[in-house]
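Please take a moment to look over the sequence and the model together before reading on. The explanation below is meant for someone meeting this structure for the first time.

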Amino acid sequence: MKVGKQFNMLTYGEYLHLIENHKKFTDFNTLGLFRSIVETTKLSLEEKLELRKVAVAAFAKTFDFLQLKDPKTYIEVSTLGETLTKADESQAWDDIRQNQQRILESKRLSHRNFGTYSKHDCGYDTCHLNGVMIRQGSRLAWSGEMGFHSDNRHSWYKGLKAERHKRDRKSEQQIMAQRILEE
Ligand SMILES: [Zn+2]
């Protein structure tokens, strides 16, 4: 049996039915379910919060693992309806970092042999993603995270680096030219 509908088109009752009978649906996708709870506009916040409770209870392990697989969705689901300050946000990412280590250790997966994940290291010291394990190709991976940083600090940083690089090269050329003239 197929769900046959986008998750975010479901009513509250349909969601409950689907979660309860998820084993019967061949195309049921837990990550899609959690994402849709954040994204759907068909439910009230109250319904979303209630649904989150049901979904987390039904898929506790999958939800926990989401911290590694899709930390952004994990945070969005966890903080549904809340307004996060910058401090809240960096606290949330601190928690993710710790929980990722716990998950990796409990699975006996070290950073080394867990090849499809790597630590976020964009070079920007205050980036709240620093040290977060990011799956390659995920929305948070280096190439894909531009849209996630609301203040575009990464493109700013990259631009700065490129500028500096160009400047260094230029002054190198000038020094060379100077030397040639002096010889
Ligand atoms: Zn970063």
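What follows turns first to the nonpolar core and then to the contact between two helices.

The model is a predicted one, and a useful place to begin is its largest nonpolar core, which has 31 residues. Within this core, the residues with the most contacts are Phe7, Leu33 and Phe34. Several helices take part, since at least two residues of the core are supplied by each of helix H1 (12-20), H2, helix H3 (45-58), helix H4 (60-69), H5 and helix H6 (86-106). The largest share, 4 residues, comes from H2.

Phe7 deserves a look of its own: when its neighbours within four places in sequence are left aside, Phe7 is in contact with Tyr15, Leu18, Phe28, Asn29, Gly32, Leu33 and Ser36. Apart from the largest core lies another, of 5 residues, which include Leu68, Leu104, Tyr117 and Met133.

How, then, do H2 and H5 lie relative to each other? The axes of helix H2 (residues 30-39) and helix H5 (residues 71-78) come within 9 Å and cross at roughly 50 degrees; an angle from 35 to 65 degrees is neither roughly parallel nor roughly perpendicular, and the two helices are therefore oblique to each other. The crossing in which H2 passes H5 is left-handed.

At this contact, Phe34, Arg35 and Val38 on the side of H2 meet Thr73, Glu76 and Val77 on the side of H5. By character, the residues of the contact divide into 3 nonpolar, 1 polar and 2 charged. Phe34 thus appears in both parts of this account, as a residue with the most contacts inside the largest core and as a residue of H2 that takes part in the meeting with H5.

How values were computed: Residues numbered from 1 in each chain as written. Predicted model: local features only at pLDDT ≥ 70, side-chain atom pairs only at ≥ 80, totals over all residues. Heavy atoms only, no water. Axes fitted to C-alpha atoms, helices over the stretch in contact; angles between N-to-C directions. Parallel < 35°, antiparallel > 145°, perpendicular 65-115°, else oblique. Left-handed = near helix turned anticlockwise from the far one by under 90°. Contact = heavy atoms within 4.5 Å. Nonpolar A, V, L, I, M, F, W, Y, C, P; charged D, E, K, R; others polar. Core = buried A, V, L, I, M, F, W, Y, C linked by side-chain atoms within 4.5 Å. Buried < 20%, exposed > 50% of the residue type's maximum accessible area, 1.4 Å probe, protein only.
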